[in-house]
Amino acid sequence: MITAAQLSRPSAALPFYLSYGLIPLVWVAALAGGWWVLLPIAATWYLFSALDAVLGLNLENADPATPEGDLRWYKIITAAWVPLQFVNLYTLIWYVSGADLSALEKFGVFFGVGVMTGTVGINYSHELMHQKSRAERWLGDLLLAMVLYSHFRSEHLLVHHRYVGTPRDPVTARYNEGFHRFYPRVLRQSLASSFAAEKAMLARRGLPWHHLSNPFWRYWTMQALMLALALAVGGWAGLALFLVQAGVAIWQLELVNYVEHYGLTRKHLGNGQYEHVLPRHSWNAAHKASNWLLINLQRHSDHHYKPDRRFPLLQNHSEEDAPQLPYGYPVMTVAAMIPPLWKKVMNRRVRAWRKRYYPEITDWTPYNKGATPLPR
């Protein structure tokens, strides 16, 4: 076990700062153009996958009782990213919108920016939104507003963590549901479910949905300001570039959501009740480099066990307790874009998971039909 004293050393946190290397890479793409626009994409998807192959797995766990004060170098990673992403995003919009680059090159640069704001920015917002500090939650909101996906906070906290592994959770991918069917469904259903969850919370307090305490007012205002700023610094071209990176970032997030729980379902106990969330209900990956990039997001079972546990303290679950992916998320998200390949790799793993944990269930049809929720 990694002790608190070991964890508190700056050198222990240093590998997680590798994500900051994407900032100079997107600038190289913007300044050089040409094939260089592929550099941020290649680094995120392929370099970290290659490093995973070389460096292998990290099965060590940190002491979960480590005091908050010993985690300051890790907290800086997520907090400092917010102003850096903001400044770089809008400076890039200003520069690229007027640069001597072709329309295809400009699109390519901001595709790479979207890979950065999705892979790193949204992932860091996920860490921040789970913390008790109001300041950190606000930082998470800023990151989500930069990609026009602010409702993810409500959906994730109020819907996903409560209903994961059930038909009531839009982002739990159903068995045999290809990503290209999952994606439009989740875009539609997650927005509706997050708004309904906030509306229900207000109703329990005797308040209408349009009360100013509804966080959707904050979401809409922050997103409108981000759009207005993009228009101000880059004109209509700048606004289009902003929308490109936002679209790519959202796609990156939902690719990860698709991978995290594909085909894994909690047992229905009757009368709308389900078993408690267990480590077996998330796909995990112990690959070292991609966990550096994704700040241990791949230790996903432990995140669902302790949602506010900071990322350096997330525990690795063994294959005995939690299903393991054959590769890290960078490889698996690429595979998810090719449904025949994805199903070839993953469907047999889901069937083995079902046989291992739920041999008594012979009819899985109700668990596969996300459009037909089980009784509440």
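Biologist: Which residues does the UniProt annotation "domain: Fatty acid desaturase" cover?
Modeller: That annotation, from an unreviewed UniProt entry, covers residues 109-333; such annotations are given in the numbering used here, with shortened names, and may be inferred rather than shown by experiment. The model is predicted, so to speak plainly: local features need pLDDT of at least 70, side-chain atom pairs count only at pLDDT 80 or more, and totals for chains, interfaces and linings use all residues. Residues are numbered from 1 along each chain as its sequence is written, and side-chain values use heavy atoms, leaving out hydrogens and water.

Biologist: How much of the span 109-333 is helix, and how much is strand?
Modeller: Helices (DSSP H or I, at least four residues) and strands (E, at least two) are numbered from the N terminus. Here the span is 60% helix and 2% strand, and its end C-alpha atoms lie 21 Å apart.

Biologist: How many cavities of 30 Å³ or more does a search of the whole structure find?
Modeller: A cavity is a set of points on a 1 Å grid over the protein atoms alone where a 1.4 Å probe fits but cannot get out, and its lining residues have an atom within 4 Å of a point. Points join across faces, edges and corners, and the volume is the space filled by probe spheres set on them. The search gives four, and the largest holds about 280 Å³.

Biologist: What lines the largest cavity?
Modeller: Its lining has 22 residues, with T119, Q252, V256, L294 and L297 nearest the centre. Helix 10 gives the most, six residues; helices supplying at least two include helix 4 (39-55) and helix 6 (103-129). Eleven lining residues are nonpolar (Ala, Val, Leu, Ile, Met, Phe, Trp, Tyr, Cys, Pro), one is charged (Asp, Glu, Lys, Arg) and ten are polar (the others, Gly among them).

Biologist: And what is the space in the second largest cavity?
Modeller: About 80 Å³. Its 13 lining residues have H126, E127, L297, H303 and L314 closest to the centre, and helix 6 gives the most, three residues. This lining divides into six nonpolar, four polar and three charged residues.

Biologist: Which residues have the most contacts inside the largest nonpolar core?
Modeller: A nonpolar core joins buried Ala, Val, Leu, Ile, Met, Phe, Trp, Tyr and Cys through side-chain atoms within 4.5 Å. This one has 94 residues, with F110, Y258, Y262 and W342 making the most contacts inside it. Helix 10 supplies the largest share, 15 residues.

Biologist: Is H300 buried or exposed?
Modeller: Buried means under 20% relative accessible area, exposed over 50%, partly exposed in between (1.4 Å probe, protein chains only). H300 counts as buried because its relative accessibility is 1%.

Methods: On a 1 Å grid over the protein atoms alone, a cavity is a set of points where a 1.4 Å probe fits but cannot get out, and a pocket is an open set with protein on both sides within 12 Å along at least five of seven lines; lining residues have an atom within 4 Å of a point.
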